[in-house]
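Colleague: Could you pick a single part of this model and take me through it closely? I'd like to hear how it sits among its neighbours, and then what surrounds it more widely.

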Amino acid sequence: MRHHVLIFLSFWAFLLIACSEEHEHVAPAIYPSDSVAVMASYGVNTLISDSGVVKYRIVAEKWEINQNKKPSRWIFEKGLFLEQFDLAMHVQSFIQCDTAYYFDTDRLWELRGRVRIQTKNGVRFSSEELFWDERSKEFYSNKFSHVITPDKELKGNRFRSDDKMNKYSVKYTKGYFDRNDFGNSPRSNMTKTQADSAKMHGRGQASPRRVNNNN
């Protein structure tokens, strides 16, 4: 009997020692709380409305909405294709890029990577960066931009444009222009009376004369 008691006590002593040496294993959080997305969708092809009117179509491999980040945003880290419609649902323009962020509270789009735009007026735009402010209805970029229209081509930095790309400016530019942009020569725009008056009061043709070099 004494032998069995000793074995029992030895067994419990072993358990107590083993339990005293155990450590609590707690895994760290997988993500910080401010990076948890409210929604993450894959293979997106959806329509977006504004004030009850369908205005855009979004196509993206991944669309993430994160309202915990400050400011809250939509994230398209695998690229974005965006079409804009008129009231009759005709495509007015399209935008595509490698990465995009939409800050919903500020109504501001930030496009990164290979940004490409084409409008219904035939204007084509390309850059590595573009911002689209829905409130001010303005596109702008502070990086090198390339603009092609049906009659001209511009390259430069600090691009600014309205949201339809009808009025735009590019600073530090170089490019090619159609000769009609500069109009005709001033004389070709004169009336006959103006041309005759300019001829009368202008400098006449010089008459040849001999120069005496024996001074």
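Modeller: Let's fix one term first: a contact here means heavy atoms within 4.5 Å. Keep in mind that this is a predicted model, so local features need pLDDT of at least 70 and side-chain atom pairs count only at pLDDT 80 or more, while totals for chains, interfaces and linings use all residues. Residues are numbered from 1 along each chain as its sequence is written, and side-chain values use heavy atoms, with hydrogens and water left out.

I'd go for strand β8, residues 124–133. Strands are DSSP runs of E with at least two residues, helices are runs of H or I with at least four, and both are numbered from the N terminus. The protein chain has two helices and 12 strands, in the order α-β-β-β-β-β-β-β-β-β-β-β-β-α from the N terminus on.

Eight of the 10 residues of β8 are buried, so the rest of the structure largely encloses this strand. Buried means under 20% relative accessible area, exposed means over 50%, and partly exposed lies in between, using a 1.4 Å probe and protein chains only. For the protein chain as a whole, buried residues make up 26% of its 215 residues.

Now the partners. Two strands pair if DSSP finds at least two bridges between them. Strand β7 (residues 108–119) pairs with β8 in the antiparallel sense over nine bridges, and Leu111 has Leu130 of β8 as its bridge partner. The hairpin of β7 and β8 has four residues between the strands, and Gly122 takes a positive phi near 85 degrees there.

On to β9 (residues 138–141), which runs antiparallel to β8 and is joined to it by three bridges. Here Phe131 stands opposite Tyr140. This is a hairpin as well, with four residues between β8 and β9, and Lys137 in the turn has a positive phi of about 55 degrees. Then there's β10 (residues 145–148), antiparallel to β8 over four bridges, where His146 is the bridge partner of Ser126.

What does Trp109 touch? Leaving out residues up to four places away in sequence, its contacts include Leu130, Phe131 and Trp132, along with Ile58, Trp74, Phe76, Leu80, Tyr101, Tyr102 and Glu134. Trp109 and Phe76 touch the most other members of the largest nonpolar core, which has 28 residues. Such a core is a set of buried Ala, Val, Leu, Ile, Met, Phe, Trp, Tyr and Cys residues joined through side-chain atoms within 4.5 Å. β8 is among the elements that give two or more residues to this core, and so are β7 and β11 (152–162). The biggest share comes from β2, with five residues. As a rule, nonpolar side chains in soluble globular proteins tend to be buried together.

Glu134, one of the residues Trp109 touches, also belongs to a network of salt bridges with Asp50, Lys55 and Arg107. A salt bridge is a side-chain nitrogen of Lys or Arg within 4 Å of a carboxyl oxygen of Asp or Glu. The side chains of Asp50 and Lys55 meet at 3.7 Å, N to O. Asp50 is partly exposed at 27% relative accessible area, and Lys55 counts as partly exposed at 31%. The structure holds 11 salt bridges, including one between Glu64 and Lys62, both of which are buried.
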